[in-house]
Amino acid sequence: MPAPLLMGVVNVTPDSFSDGGRWDTTEAAVRHGRDLLRDGADILDIGGESTRPGATRPLVADELGRVVPVIEALVAEGASVSVDTMRAEVAEQAIAAGATLVNDVSGGLADPRILGVVAASEATYVCMHWRGHSDHMQELASYDGPGGVVAAVREELCRRVDVLRAAGIPDDRIVLDPGLGFAKKARHNWSLLRGLAPLQELGFRLLVGPSRKSFLGTLLADPDGTPRPVDRREAATLTLTVLLAQQGVWGVRVHDVLGSRDALRTLERWERG
Ligand code: PMM
């Protein structure tokens, strides 16, 4: 089984849950991107909007100002770059700056014009399962129909694929993502991680982003219920990276690229026998 691609996260934001404020200048973000490349990232995911639960949205001009210079600088150094955005304007300028993948956590629901922008380019499009913006998404985490969360996510992603095709994005440029943590409670994330096969049957490449998310903080909580802090969830993240590689996913979106690369190399050596 080919190793999954490692997508290294570069959040150029003051407020992301895992690394907000650490790389929120162009220089710091470019330096971080270089470090992730050296650590073995296949693609860098540059984002200028935090999607942590409760986050408020930046102005378009602020988002552009955060991501475009970072994309230009890293593309000039030969990096493969993805833009993590829900906005058509940002996707368009990011593609013009050299991004080859548009990672839209809203799957085209937040700004439907983004689909035309992607269709008119050669960019790959990550369509993530999403039900609403971060300020109210956790109210939308109910999956009571038959088949639970896995059936609902599959059905809702299928409907998005119909819309992407109608917009002119060919299947070989579509990647699907179950959207761990987005309108999902911890138990929903675990069901999705264990239930990827029905999503894989759809025939698209899968990207998954478990890295450091709060369901891992809950899993590793202290006996008094205090969640494990975000910077101490790495071993659990790496375990999931290996398990996802064994499921044959196309990509894993991670913060700790060095650890993930080491884990994948170890798995590859193990599988070689
Ligand atoms: N998660 C976050 C941001 N972007 N993109 C995709 N495709 N999948 C994800 O699961 C995902 C994402 C939130 O995590 P962060 O704040 O650490 O970037």
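**Figure 1. Polar contacts of K213, D177 and D84 with the ligand in a predicted model.** An N or O atom in the side chain of K213 is 2.7 Å from an oxygen atom of the ligand. A nitrogen atom of the ligand has a polar side-chain atom of D177 at 2.8 Å, and a polar side-chain atom of D84 lies 2.9 Å from a nitrogen atom of the ligand. A polar contact is a pair of N or O atoms within 3.5 Å; within protein, one must be able to donate a hydrogen and the other to accept it, and residues adjacent in sequence count only if both atoms are side-chain atoms. The protein buries 98% of the 420 Å² that the ligand exposes when taken alone (accessible areas by the Shrake-Rupley method with a 1.4 Å probe; for residues, only the protein chains shown count as cover). Because the model is predicted, local features need pLDDT of at least 70 and side-chain atom pairs count only at pLDDT 80 or more, while totals for chains, interfaces and linings use all residues. Residues are numbered from 1 along each chain as its sequence is written, and side-chain values use heavy atoms, with hydrogens and water left out.

**Figure 2. The shell around the ligand.** There are 17 residues around the ligand, of which N103, D177, K213, R253 and H255 come nearest (near: a heavy atom of the residue within 4 Å of the molecule or strand). Seven residues of the shell are nonpolar, six polar and four charged. Here Ala, Val, Leu, Ile, Met, Phe, Trp, Tyr, Cys and Pro count as nonpolar, Asp, Glu, Lys and Arg as charged, and the others, Gly among them, as polar. At least two shell residues come from each of β1 (5-11) and β5 (124-128). Strands (E, at least two residues) and helices (H or I, at least four) are DSSP runs, numbered from the N terminus.

**Figure 3. The barrel and the pairing of β6, β7 and β8.** Eight parallel strands close into a barrel in the order β1-β2-β3-β4-β5-β6-β7-β8, with a twist that averages 25° from one strand to the next. Strands pair if DSSP finds at least two bridges between them. Strands β6 (residues 174-177) and β7 (residues 205-208) run parallel and are joined by two bridges. L176 has L206 in β7 as its bridge partner, and V175 stands opposite R205 in β7. Two bridges also pair β7 with β8 in the parallel sense; V208 has V252 in β8 as its bridge partner.

Terms used: Axes fitted to C-alpha atoms, helices over the stretch in contact; angles between N-to-C directions.
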